[in-house]
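Me: Please take a close look at a single helix in this model. I would like to know what surrounds it and how it relates to the contact between the chains.

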Amino acid sequence: MINRKIAPEIKDAVDFEVTLKPYEKFTLDNGIPVYVIESDEQETLQLEMVFPAGSWYESENLIASASNFLMKNGTGKHSALEINESIDYYGAYLNRSCHHEFGTYTLHCLTKSFSALLPTLQEVILDPAFSEEELALFQQNMKQRLAVNLQKCDFVANRHIDKYLFGEFHPYGRVSSMEAYDALQTESLRAFYQQHYTYNNCRIFVAGKLPDQLIPQLNQFFGTTKWNGEATIIKPEISIMPAEEKKFRIFNDENGVQGAVRIARHFPNRYHPDYPKMMVLNTIFGGYFGSRLMSNIREDKGYTYGISSQVYNFRQASAINIHTEAGRDVCEATIEEVYKEMRILQNEVVDQEEMALVRNFMIGSILGDLDGAFQIIQRWKNLILNDLDENYFYNNIRTIKTISAEELHVLAKQYFKPEDWYELVVI
Amino acid sequence: MIHYNKFTLANGLRVIVHEDHTTPMAVLNVMYDVGSRDEDADKTGFAHLFEHLMFGGSVNIPEYDEPLQMAGGENNAYTTSDLTNYYIQLPAENIETAFWLESDRMLSLAFSEKSLDVQRKVVCEEFKEHYINKPYGDIWHKMRDLAYTVHPYKWMTIGKELAHIEDAKLEDVKNFFFKYYRPTNAILVVAGKVTTSQVKALAEKWFGDIPAGERIQRNIPQEPVQKEAHKLEVKANVPLDALYKCYHMPGRMDKDYYAIDLISDILGGGASSRLHQVLVKEKKLFSNIDCYHFGTLDAGLFTIEGKLVKGVKMKDAEKAIQEELDKVQQEIIPERELQKVKNRVESMLAFEDMGLLNRANNLAFYELMGDAALMNAEFSNYEAVTAEEMHKQAAILFDEKNSNTLYYYAG
C-alpha cells in the first residue's frame with residue numbers, strides 16, 4: 001500500500017534551467033528589422049508589425065485606436081468586405097491592437113497560406129482608405145458598445161481608477177466618450193496614420209514554421225520602398241496628474257448586487273530596481289490562486305469569486321492595482337481585509353515555506369509561458385520594444401530564485417502603507 | 001495528427017498518453033462524465049458547485065493547491081452541461097505530484113462543512129458577477145427556459161437560482177461524489193514530456209486501487225420535436241434592444257452536426273460572414289451580430305443574436321435576419337464560400353492543437369464521446385460536407401416551428 005499522506009519528491013524551481021531561446025535578426029533592404037523565432041513543430045505562423053502609434057502620440061482622444069482599427073476596413077483598391085474575404089478564405093486572422101505606446105497588426109495563418117496573404121497585408125498597411133462610411137459605422141457601433149459597458153460596474157471602476165492615478169488628460173488616464181467618438185474626422189485619422197505607420201518606424205516579429213524564402217518575400221512586399229516616407233517621431237513629455245483625494249464611492253446602478261472594488265497606488269516603472277522584486281511580493285500578496293488576498297477574501301470569507309493584485313507594465317510610470325467584484329454588502333469589509341493583509345506583510349517576514357512555494361510557482365509558470373515559438377517571440381518583443389535585452393529577463397529569473405524574505409519585508413514597508421493607496425467602490 | 005497510446009485500468013479508468021518531447025512541461029487532465037444535465041430540477045447548479053469543492057482538500061491531503069504550486073504547477077477546472085474537467089500543467093519532472101493530488105481526490109474528498117459554506121458564497125458571487133450584475137446577463141436563463149420543455153439543458157450550468165446553491169447540503173455533496181466521481185466514469189489524459197511506460201506505472205500506482213464505482217446509467221428525457229414557434233418579450237434596464245433567435249439542432253455526435261456547424265460559420269464566422277456583412281455593414285440594422293452554438297452532446301441550440309442600432313424597429317431587424325435564413329434555404333452555397341469555411345475549420349483546428357493543454361483536453365473530450373481516435377478524423381468529417389447537405393439541413397433547422405425568439409427591449 002502506498003502512503004498517500006506523503007507527497008512525492010519534487011524537483012525545486014531553483015534547479016530548473018530557464019532559457020530564453022535567442023532570436024535571429026534580419027534586415028530588409030529599406031532597413032526594417034525582422035526578428036524571427038523558428039519552430040517546425042506545427043504548420044502555423046505568426047507575424048506582427050509594430051509601429052510607435054499608441055495613444056501617447058495622439059493630439060485628439062481616440063485618434064490612435066480609431067486609425068489602427070480602420071486601416072483594415074478598406075484600401076485604395078479593395079472594400080472592407082473584399083479585404084476580409086481574402087483573409088477569411090485562407091482561414092487566417094488579421095488582428096489589430098493599439099495601446100499607449102504601439103499600434104500593431106498581427107497575422108496568424110497556416111504557413112502554406114502565407115504567400116497568398118502577403119498582398120492583402122501589404123494593402124492594409126500601406127494603402128488604407130479611411131472612408132467616411134467606415135468611420136461613421138465605427139462611431140455608431142463603438143458608441144453603442146460604450147453605452148452597454150457604462151452599465152457595468154467593473155468597466156466604470158477601471159476607467160476611474162486610472163484617471164485618479166494618472167489624470168484624465170494623461171494617456172494612461174484618458175478614457176473614451178461619446179463626444180470623443182463624435183469628434184473623429186477621416187482627415188485626422190489619415191494624418192495620424194501617415195505620420196506613424198511609416199517604413200522607418202516599423203518592426204516585424206515572426207514566429208512558427210517559416211515559409212520558404214521568408215525574407216525575400218517580406219522584402220518584395222515591405223522592403224523595397226520608403227513607404228509613407230521617413231518620419232521622425234518625437235515622444236512628447238507628458239506628466240502624470242494624480243487626483244488629490246484618495247477615497248471614492250460611486251453609485252452607477254442603484255440596484256447593483258455587487259460592487260467593483262479597486263485599491264491602487266503608483267509604482268516605479270520596469271527600469272527601477274524595485275520592479276522585479278515587486279513582481280515577487282505582488283505574487284505573494286495577490287498574484288496567483290494561492291495568494292494572501294485569495295486565501296483570505298475568497299477561500300476563507302467567500303466575499304468574491306476572485307480577487308487579484310496586478311503590477312501595470314506601462315512604460316513611463318507603473319501602478320499596483322488590486323481589483324475584485326464583491327457582494328454589495330461586503331465591499332467595505334473586503335477593503336478592510338485588503339489593508340489587513342498589507343499590514344501583515346509590513347509587520348511579519350514571509351516564512352521560508354511560502355517563499356519556496358512562490359519561487360517554485362513563478363518559475364513553473366514562466367517555464368509554461370515559454371512553451372512554443374509564439375510565446376517566446378512575445379517575450380522578445382516585450383524586451384526589444386522596451387529597449388531591453390536578455391539580461392533583463394535573466395535578472396528577473398535570478399530575482400525570483402534568490403530574493404530573500406527580508407528584502408521583501410523592506411519592500412512591503414515602503415510600498416504597503418495604507419495612506420498611499422487610492423480606493424474606489426463602484427456599485 | 002495527434003499520436004497517443006491508450007489503456008484501461010482494472011477499475012475501468014481509461015488512460016490516454018500523448019507524448020510530446022519538445023516541451024519541458026506535462027499536463028494531467030481528468031475528465032468526469034457528469035455535467036449540469038445530470039442534475040435534478042430542484043437542485044440545479046450542483047455539478048458546478050461540486051467542482052469548487054474538489055479544491056477544498058481530499059481524504060489524505062488537506063490542501064490541494066499548495067503542494068501543486070510548490071511543484072511549479074498551475075491548475076484549473078470547468079463544468080459544462082455535459083462534463084466536468086480538471087487539469088494541471090507543471091514541469092514534467094514533477095508529474096508524480098499531479099498523480100498524487102488527482103488520485104487522492106478521486107479516492108475521496110475531505111467533505112468539510114467550512115469548505116461547503118465558503119464555496120456556496122463564492123459560487124453565489126460568481127452567479128451575481130456573470131448573470132445578475134451585468135446588462136443582458138439573464139438572457140440565457142430565459143432562453144433556455146423558453147426553448148426546452150423537458151431536457152435539463154433548460155437550466156444553465158451555474159444553476160437556475162441562487163437558492164439552489166444556498167440550500168446545498170453536505171449529504172448531497174457526498175452522494176454526488178460517490179455516484180459520479182468514480183474511475184469508471186472518468187478519463188485520464190497525460191501529455192507532454194512523459195513516456196507511456198512511465199504513465200502506466202504511475203497510473204497503476206496512484207489510481208489502481210480506487211474502487212471502480214458503477215457506470216452511470218443516464219435516463220435524461222430528450223427534448224421532443226418542437227411543434228410551434230416559441231416567443232418571449234422582455235423589458236430590462238439596458239441601453240439597447242437585443243434580439244435572440246435559437247433553433248433546435250442535433251447533438252455533437254450526430255452525423256448532421258458538421259453540416260450545421262459549417263452553416264453557422266457561413267452566417268457568423270469572421271468579418272466576411274453573411275450576417276455581419278449584410279446586417280451590420282450594408283443595412284446597418286445591428287451594431288453587432290453573432291451566430292454560434294455550444295456543441296452540446298444532446299440536441300442543442302443554434303443561436304443568432306445581435307444588438308439593434310438605436311432607432312431600428314425589432315420587426316425590421318427580425319425580418320432582415322429571416323431574409324438571410326431564407327437565402328441559405330433557397331440557394332445552394334457557392335463553392336468558394338464553402339471552401340472558405342472549410343479552410344477556416346482546418347486553420348482553427350491547427351491553432352487549437354498548438355497548445356499542449358488543448359491537445360490533452362480534446363483527447364479526453366473525444367474519448368468521452370466514444371473514442372479518442374475521433375479527434376484525428378475531425379477535419380475529414382468537415383471536408384466531406386457538401387453544399388447539398390447544408391441546403392437540406394438549413395431547411396430543417398430554420399423551420400419557423402423550430403424557432404425560439406427572445407425580444408429583449410431596452411426599458
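Reply: The part examined here is helix 12 of chain A, in a model that is predicted. Its buried residues are Leu357(A), Val358(A), Arg359(A), Asn360(A), Phe361(A), Met362(A), Ile363(A), Gly364(A), Ser365(A), Leu367(A) and Gly368(A). These buried residues pack against elements of both chains: helix 9 and helix 14 (390-402) in chain A, and strand 3 (25-32), helix 2 (65-70), strand 4 (74-79) and strand 5 (84-91) in chain B.

As to its geometry, helix 12 of chain A has 18 residues, which at 1.5 Å a residue should span 26 Å; the end C-alpha atoms are 26 Å apart, in agreement with that figure.

Within chain A, the packing against helix 9 can be described in detail. Helix 9 covers residues 274-287 and helix 12 covers residues 352-369; their axes come within 10 Å and cross at roughly 110°. The two helices of chain A are therefore roughly perpendicular. Helix 9 of chain A contributes Val280(A), Thr283(A) and Ile284(A) to the contact, while helix 12 of chain A contributes Glu354(A), Val358(A) and Met362(A). Sorted by class, the residues of this contact are four nonpolar, one polar and one charged. Val358(A) and Met362(A), both part of this contact, are also among the buried residues of helix 12 of chain A. In an α-helix, residues three or four places apart point the same way, because there are 3.6 residues a turn.

The other side of the picture is chain B. In total, 57 residues of chain A are in contact with 59 residues of chain B. On the chain A side, the elements giving two or more residues are helix 2 (80-89), strand 5 (103-110), helix 4 (132-149), strand 9 (304-311), strand 10 (318-327) and helix 12. Of these, helix 12 of chain A gives the most, with nine residues. The chain A residues that touch chain B comprise 23 nonpolar, 20 polar and 14 charged.

Two records bear on this region. An unreviewed UniProt entry lists a "coiled-coil region" at residues 328-355 of chain A. In the model, residues 328-355 of chain A are 75% helix and 0% strand, with the end C-alpha atoms 34 Å apart. For chain B, UniProt places "domain: Peptidase M16 N-terminal" at residues 14-129, again from an unreviewed entry. That span of chain B is 38% helix and 24% strand, and its end C-alpha atoms lie 37 Å apart.

Definitions and conventions
Residues are numbered from 1 along each chain as its sequence is written. Chains are lettered from A and ligands numbered from 1 in the order in which they are written. This is a predicted model: local features need pLDDT of at least 70, side-chain atom pairs count only at pLDDT 80 or more; totals for chains, interfaces and linings use all residues. UniProt positions are given in the numbering used here, feature names are shortened, and annotations may be inferred rather than shown by experiment. Helices (H or I, at least four residues) and strands (E, at least two) are DSSP runs, numbered from the N terminus. Axes are lines fitted to C-alpha atoms, for helices over the stretch in contact, and angles run from 0 to 180 degrees between N-to-C directions. Angles under 35 degrees count as roughly parallel, over 145 as roughly antiparallel, 65 to 115 as roughly perpendicular and the rest as oblique. Two residues are in contact if their C-beta atoms, placed from the backbone, lie within 7 Å. Ala, Val, Leu, Ile, Met, Phe, Trp, Tyr, Cys and Pro count as nonpolar, Asp, Glu, Lys and Arg as charged, and the others, Gly among them, as polar. The expected span of a helix is 1.5 Å times one less than its number of residues. A residue is buried if 20 or more other C-beta atoms lie within 10 Å of its own, exposed if 12 or fewer, and partly exposed in between; C-beta atoms are placed from the backbone.
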